[in-house]
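Could you walk me through this structure, one selection at a time? I have it open in my viewer and would like to know what to click next and what I will find there.

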Amino acid sequence: MEFKQINDHGYYFEGAVNIGYVHHGDEGLLIDAGIDKSSIRKVLRTLEERGLPITHLFITHAHSDHYGGAHVVQKEKKVHVIAPKFEKAILENPMLEPLYLFGGNDPLPELRNKFLEGKPIVVEETIDEGKYCFNSFEMECYILPGHSYYQAGLVIDNILYAGDAYFSVEQLQKHKIPFITDAHATIKSLKRLTQIDALGGVPGHGIFEIDFQETVQKNMEYHVMLLEEMHCYITSKKTVTHEELVHYFCSHFQVNTTQLSQFLLFRTAVTAYAIGLIKEKKITQKIENYRWTFCSN
Ligand SMILES: [Zn+2]
């Protein structure tokens, strides 16, 4: 993980999952904490070597690749832990993620892995949309749902730390069906990002860009492309069961997996586009012949 300086106060650790850092004198704010012990240890070591403090930890959303290392920070450093409401509930009870992905059924043992479930942390302060001040850190928090129910992005010292509200174009192409929970909310959040005035943006996966708006725009186009693909398919079939839709989308975009945990992530993402089409009134849903079914309007 490379430690990169953005401006006088803003930095980030560039890796598979980025970790933000803001430095104000004897205070330091970490934004997200990586997936596990080993990744966060490297971050803590780099900061220690440079004499940079950690006093605050902000978690953008309760996905284990963003908070899996947080319990180490909380154990080893005296930090004030901040997270959005709802996400807090999962951060303190991480089994909720495999539980919700499994549709509320008790998760099978293979679902309780580090990609779906990190170690719990205690969140001392919850945030919502608005301006906040934690000691010397003044920030504007934005609730940006669509990828996670109550994900937050923040602007601090003119830099946007966006969590997973947008992805790099490479990430979109790599994942093919990006993990989202509601395509309509995702696009709405992306539109909000276009109105945010900042000197640059750091996504959860990707690199810092001054012109992050261009990437945000490409994210919108990508989700619209997937929505149109799904809409065309449902229109051509008139009625499609949920299972057929998941099968069609995963095979069309070639996201084959044999793992239940990965399959559930794709199933949630495919369903997110169906939810988007329902909210845009382009399709409807009903239970027909014992099956959850989508129909073109
Ligand atoms: Zn995420």
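Here is a tour in a few stops, beginning at the metal site and then moving along the helices. Keep in mind throughout that this is a predicted model.

**Stop 1: the zinc ion**

Start by selecting the zinc ion together with His 61, His 63, His 147 and Asp 164, which coordinate it. If you display atom names, the donors are NE2 of His 61, ND1 of His 63, NE2 of His 147 and an OD atom of Asp 164, at 2.1 to 2.3 Å. Along the chain, these donors follow the spacing H-x1-H-x83-H-x16-D.

Now color His 61 and Asp 164 separately, as this pair links distant parts of the chain, 103 residues apart. His 61 sits in the loop between strand E5 (56-58) and helix H2 (64-67). Asp 164 belongs to the loop between strand E11 (159-161) and helix H6 (169-175). Are His 61 and Asp 164 buried or exposed? Both are buried.

Next, look at the angles among the four donor atoms, which run from 86 to 174°. The site counts as irregular. A tetrahedral site would need all angles between 85 and 135 degrees, so the upper value of 174° rules that label out.

**Stop 2: a lysine after H6**

Move on to Lys 176, in the loop between H6 and helix H7 (183-194). Its backbone deserves a click: phi is positive, about 65°, although Lys 176 is not a glycine. For context, most residues other than glycine have a negative phi. With a relative accessible area of 30%, Lys 176 is partly exposed, because partly exposed covers the range between the 20% and 50% cut-offs.

**Stop 3: helix H8**

Select residues 212-237 to bring up helix H8, with its 26 residues. Try a distance between the C-alpha atoms at its two ends: they are 38 Å apart, which agrees with the 38 Å that the helix should span at 1.5 Å a residue.

Which residues of H8 are buried? Among them are Phe 212, Thr 215, Val 216, Asn 219 and Met 220. Further along, the buried set also includes Tyr 222, His 223, Leu 226, Leu 227, Met 230, Tyr 233 and Ile 234. As you look down the helix, remember that an α-helix has 3.6 residues a turn, so residues three or four places apart point the same way.

Just after H8 comes Lys 238, in the loop between H8 and strand E13 (239-241). Lys 238 also has a positive phi, near 70°, in a residue other than glycine. At a relative accessible area of 60%, Lys 238 is exposed.

**Stop 4: H8 against H9**

Keep H8 on screen and add helix H9, residues 242-252. The two helices pack at an angle of about 130°, with their axes 11 Å apart. That angle makes H8 oblique to H9. The crossing of H8 and H9 is right-handed.

From here, step to Val 255, in the loop between H9 and H10. Val 255 is buried, with a relative accessible area of 9%. Draw a line from Val 255 back to Met 220: they are 35 residues apart in sequence, and their C-alpha atoms are 21 Å apart.

**Stop 5: helix H10**

Now select residues 260-279, helix H10. H10 has 20 residues and reaches 28 Å from its first C-alpha to its last, close to the 28 Å expected. Its buried residues include Leu 264, Phe 266, Val 270, Tyr 273 and Leu 277.

Two partly exposed residues make a good contrast here. Leu 265 has a relative accessible area of 25%, and Ile 278 stands at 27%. Leu 265 and Phe 102 are 163 residues apart in sequence, yet 9.6 Å apart in space, C-alpha to C-alpha. Ile 278 and Arg 112 are 166 residues apart along the chain, and their C-alpha atoms are separated by 31 Å.

After H10, click Lys 281, whose phi is positive, near 60°.

**Last stop: strand E15**

Finish at Ser 296 in strand E15, residues 291-296. Ser 296 counts as partly exposed, at 23% relative accessibility. For a final distance, join its C-alpha to that of Leu 277, 19 residues away along the chain: the separation is 9.5 Å.

Key:
Residues numbered from 1 in each chain as written. Predicted model: local features only at pLDDT ≥ 70, side-chain atom pairs only at ≥ 80, totals over all residues. Heavy atoms only, no water. Helix = DSSP H or I, 4+ residues; strand = E, 2+ residues; numbered from the N terminus. Expected span 1.5 Å × (residues − 1). Buried < 20%, exposed > 50% of the residue type's maximum accessible area, 1.4 Å probe, protein only. Donors = N, O, S within 2.8 Å, 3.2 Å for Na, K, Ca; no water. Tetrahedral: all angles 85-135°; square planar, octahedral: opposite > 155°, others 65-115°. Axes fitted to C-alpha atoms, helices over the stretch in contact; angles between N-to-C directions. Parallel < 35°, antiparallel > 145°, perpendicular 65-115°, else oblique. Left-handed = near helix turned anticlockwise from the far one by under 90°.
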